[in-house]
Amino acid sequence: MTEQGDRPRIAAVVVTFNRLSLLQRLLERLDTVAGVDEVLVVDNASTDGTSEWLASLEPGAEGADGHAERRVVARTLTSNTGGAGGFAEGVAWAVERGADLVWLMDDDGVPASDCLDRLLAVRDRDFWGPVVVDEAAPERLVFPIRLPGGTRVVHDVAAVERAASDGVLDGIVIPFNGVLVTRELVERIGIPRADFFIWGDDHEYRLRAEAAGARIATVAGARFLHPSVGSLGTPMMFGRTTYNHSPSDLKHYCMARNNLVNQRDYNGWPHALAFVVKTAWFYTFTRPSPRRLALSARAMYAGLRGDFTGHGRYLR
């Protein structure tokens, strides 16, 4: 590990697409976080002026708040590669630039001012992160957590804190929302799957890390604020389970394709076939839609064939 004294070199990697105001808010916060050596911004070919604004930044120049901007290095891609492509690019870039720890985040979240310090207090892990909370209701989780070792799903911070041991919940993390990944782990398992485009790439990276024996954890006292994403999962099968239904054809295509591949590769064919049955049930009985059934079938068949290009037809 290349360290400065006893401190590892930390690169924050931010992936952005057409959310300039949120990106500016995030960079202002990162500018105040001690311990970050540089911020690497991967712009997914934004069309809202993001690339021009990033190009105007001068390392060391005064920001809007009157103090020096932290060093921001930006890279604008020639096409939109989705969150998956952006994080694949950013992780590889951070390691190339000598990072010991890579701090990963999307453009719409904001770490609490002490988030990094609290994460760094736990140093015997490979892939660990904060509790992701609703910025409008910080006592609530944005993404529900299934507690390790059982089927219980929790939705509030207090439940996470009660389940933690010495402030750490081992075996679970919500990637890529303020998570730290070690250089050693990246060198062992590679970078995120760029071909997934969106949906499931973060889960696949966690599953790959887990399969490689990585030490994964959530630090109960660390916070990453994120806008609410609403209720996740539409009830089905008489309320016995839920389905990740999205009105977006792009999101659904990627979810159906990528989730089937993840289930097959990490949980085996029985779980993969169960997901196929669940999808067929949802769009036959819960929300009948022959068109969405056909889209699901195309996406799943493409995933099983190893074709990760079909989402392109749904890009605007």
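Modeller: Two strands pair if DSSP finds at least two bridges between them, and strands (E, at least two residues) and helices (H or I, at least four) are DSSP runs numbered from the N terminus. This is a predicted model, where local features need pLDDT of at least 70, side-chain atom pairs count only at pLDDT 80 or more, and totals for chains, interfaces and linings use all residues. Residues are numbered from 1 along each chain as its sequence is written, and side-chain values use heavy atoms, leaving out hydrogens and water.

Biologist: Let's start with S8. Which residue of strand S9 is the bridge partner of Asp134?

Modeller: S8 and S9 (residues 137–146) run antiparallel, joined by two bridges. A hairpin of two residues connects S8 to S9. Asp134 has its bridge partner in S9, and that partner is Ala137.

Biologist: And in which sense do S8 and strand S13 pair?

Modeller: S13 covers residues 216–226, and eight bridges hold the pairing with S8. One example is Val131, whose partner in S13 is Arg223. The sense of the pairing between S8 and S13 is parallel.

Biologist: Which residue of strand S12 stands opposite Trp128?

Modeller: S12 (residues 177–182) is joined to S8 by two bridges, and the two strands run antiparallel. Opposite Trp128, in S12, stands Leu180.

Biologist: How many of the residues of S8 are buried?

Modeller: Buried means under 20% relative accessible area, exposed over 50%, and partly exposed in between (1.4 Å probe, protein chains only). S8 spans residues 127–134 and is largely enclosed by the rest of the structure, because the buried residues number eight of the eight.

Biologist: On to the rings. How far apart in sequence are the parts that Tyr243 and Tyr283 tie together?

Modeller: Rings of Phe, Tyr and Trp (its six-membered ring) pair if their centres lie within 6.5 Å; planes under 30 degrees apart are stacked, over 60 edge-to-face, the rest tilted. By that rule there are 11 aromatic pairs, and Tyr243 with Tyr283 is an edge-to-face one, at 5.8 Å between centres and 90° between planes. Tyr243 sits in strand S15 (residues 241–243) and Tyr283 in helix H9 (residues 269–286), so the parts tied together are separated in sequence by 40 residues.

Biologist: What is the relative accessible area of Tyr283?

Modeller: Its partner Tyr243 is buried, at 2%. Tyr283 is buried too, with a relative accessible area of 2%.

Biologist: Why is the pair of Tyr253 and Tyr314 called tilted?

Modeller: The pair links distant parts of the chain, with Tyr253 in helix H8 (residues 249–267) and Tyr314 in the segment after helix H10 (290–305), 61 residues apart. Both tyrosines, Tyr253 and Tyr314, are buried. Their ring centres are 5.3 Å apart, and the pair is tilted because the planes meet at 40°.
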